[in-house]
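Thanks for coming. I'll walk through one structure today, from the ligand outward to the fold and then a few details of the backbone. Please have a look at it before I go on.

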Amino acid sequence: MQQGNTAPEWWRSAVVYQVYIRSFADGNGDGIGDIAGLRSRLPYLRDLGIDAIWINPWYPSPQIDAGYDVSDYRAIEPAYGDIAEAEQLIAEAHAMGIKVVLDIVPNHTSWDHPWFQAALSGDEAARARYLFRPGKGEYGELPPNDWEAIFGGPAWTRSTNPDGTPGDWYCHLFAPAQPDLDWTNPEVIAEFEDILRFWFDKGVDGFRIDVAHGLAKQEGLPDAGLRSGRKDRVDHPAWDQDGVHEIYRGWRRVADQYDDRVFVAEAWVEDNDRLARYLRPDELHTAFQFDFLQAPFVAPVMKATIDDARAAAAAVGAPATWVLSNHDVVRHATRYARSQPDHAVSSIWEQARWHEGAPDLALGLRRARAAALLTLGLPGTAYVYQGEELGLPEYEDMPAEARQDPAIKQSGGVQIGRDGCRVPLPWSGTEAPYGFSEGSPQTWLPQPADWAHYTAAAQEADDESTLHLYRRALELRAKWLQGEGFAWVEAPAGAFGFSRGEVQVWLNTSGEPIDLPGELLLGSDADAEPGTLPSDAAAWVRV
Ligand code: NOJ
């Protein structure tokens, strides 16, 4: 019998913990995280107080893009375990009151997927499930259009015919190992609805939809022309096309045949009005609020972002979905560790280079703790990326030869890649692998030599640690911060406060301390003078 958050529409206020399974915990000593490791750490997650976990892709994959290149959607990557273990994990999580959300990758398969292999061998029905097109130029030697891949270079690779001659090109918005599916093909639609049912039948509570804004392409695949800014946010024939919405209406009909399942979209679209279109009542339930993630640690900018996000979500009856970090962006403890711009940062994907100079990690952590209380104090769903509850920074100095993100090579080194936020978690001990693995294998990505004080065990022993801050916050959130109630209160410049019933949430980025009303429930700065909130800090007070 499932315990925990059994409220209907639990996802409107849930705290979801993102498990990047490759780096969460290694149960079999090969240096790669797995289901056994995750199962062994479920009590840690229960004690943290989260409502659900979202597990990054755990399907068989050649791992060219860390599992976002799926070769079988109904099985488990052998390095992570097998279906029986996945079922055990789901049952154990449910028994602890933790829901399980999976990642689904519908825009592209792996080039190892049987469909793509059949397509390469000339099977016409299989080819029609992907976007094969003849090349331009006299000999078909040029890509069919000017689209660029997100990881750099053209979004097209030329295939080889079974007889060895150069063939048509296939579209891939990411790596060549990730061929895009043709979502106008009814076989593709039917297949994914069936995959959803496969996992829903196993008790899975929802899906995070990878690249939710990419599935539908403009008819005729026209050139994009010269564009500036993020490749997948602006008006572009490959992104945020109206055709995606009919796909999600179909998915919603599938989910609605089960009790209380949820979708969360990863959709990097132009603005919150575009995002809200994915959240109409017959489409998806939630979508990550990336404007909030891209906001600098500057109160007025954060405040404007919150207002905009809340208004757009409310217009379609959806909850806002807050997130500070994930496996694609520089960890916020490092983003906040340098001087902050006074505007949102739009190039977050490539942003490891968004600021020069050494980070002030103490300042970054101080702000990250404040941002956590802000995020967890807002109405709506909140996502916590594994390791942020330990205050982990980005591993910016990871040696180049250890890095594995395909974006580095594909962009010709323009992108530094996302490995720095994907480092195996430090659990205990004073040196690598910090309890991540049984034994001391080489972990799949290296861990920094100076992470002993970040381990969960070290923080367990320190009452003022970030781990304890998150635990207390989640406990108090469950007690005091439920429901939709929200109103701004008057605040000095460079700070803001909002009330949620009896509780007020305050953030100060002004550079000066401000006075705090009421009785302190929880503060991000344990050394604050009573009745005041220093700069770069947040607090929850009862008024
Ligand atoms: C978004 C995922 O979060 C990212 O990690 C991946 O590389 C791309 N989609 C492609 O699937």
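When I say polar contact, I mean a pair of N or O atoms within 3.5 Å. Keep that cut-off in mind for the ligand. I should also say at once that this is a predicted model.

So, the ligand. How many residues surround the ligand? There are 14 of them, and the closest are Asp65, Arg208, Asp210, His327 and Asp328. For Asp328, a polar side-chain atom sits 2.4 Å from an oxygen atom of the ligand. Asp65 also places a polar side-chain atom by a ligand oxygen, at 2.5 Å. For Arg208, the distance from a polar side-chain atom to an oxygen of the ligand is 2.9 Å. On its own the ligand has 300 Å² of accessible area, and the protein covers 100% of it. As for the make-up of the shell, 7 residues are charged, 4 are nonpolar and 3 are polar.

Next, the layout of the chain. The domain assignment gives domain 1 as 10-109 + 186-470, domain 2 as 114-171 and domain 3 as 485-542. Taken over C-alpha atoms, the centres of domain 2 and domain 3 are 56 Å apart.

How confident is the predictor? The mean pLDDT of the protein chain is 94, and 95% of the residues reach 70 or more. Confidence is highest in strand β1, residues 15-19, with a mean of 99. The lowest value goes to helix α13, residues 406-410, at a mean of 93.

Now the strands. There is an open sheet of 8 strands with parallel pairing, and its order is β9-β8-β7-β3-β2-β1-β11-β10. Which strands are at the edges? They are β9, at 286-287, and β10, at 321-323, and each of these pairs on one side only. Within this sheet, β1 runs parallel to β2, residues 52-55, and 4 bridges join the two. One pair to look for is Tyr17 with its bridge partner in β2, Ile53.

Some other strands pair in the antiparallel sense. Strand β6, residues 166-171, pairs that way with β4, residues 132-133, over 2 bridges. Strand β6 also pairs in the antiparallel sense with β5, residues 156-160, over 4 bridges. Trp169 in β6 is a useful residue to find: Arg133 stands opposite Trp169, and Trp169 is also the bridge partner of Arg158. Strands β5 and β6 form a hairpin with 5 residues between them. In that turn, Gly164 has a positive phi of about 90°.

That brings me to the backbone details. Most residues other than glycine have a negative phi, and most peptide bonds are trans. Two places in this model depart from that, one for phi and one for the peptide bond. Gln63 has a positive phi, near 60°, and Gln63 is found in the loop between β2 and α3, the helix at 83-95. The peptide bond that joins Ala432 and Pro433 is cis, with omega about 5°. Pro433 lies in the loop between α13 and α14, which spans 456-460.

Terms used. Residues are numbered from 1 along each chain as its sequence is written. This is a predicted model: local features need pLDDT of at least 70, side-chain atom pairs count only at pLDDT 80 or more; totals for chains, interfaces and linings use all residues. Side-chain values use heavy atoms; hydrogens and water are left out. A residue is near a molecule or strand if one of its heavy atoms lies within 4 Å of it. A polar contact is a pair of N or O atoms within 3.5 Å; within protein, one must be able to donate a hydrogen and the other to accept it, and residues adjacent in sequence count only if both atoms are side-chain atoms. Accessible areas come from the Shrake-Rupley method with a 1.4 Å probe; for residues, only the protein chains shown count as cover. Ala, Val, Leu, Ile, Met, Phe, Trp, Tyr, Cys and Pro count as nonpolar, Asp, Glu, Lys and Arg as charged, and the others, Gly among them, as polar. Domain bounds come from an automatic or database domain assignment. pLDDT is the predictor's confidence in each residue, from 0 to 100. Two strands pair if DSSP finds at least two bridges between them.
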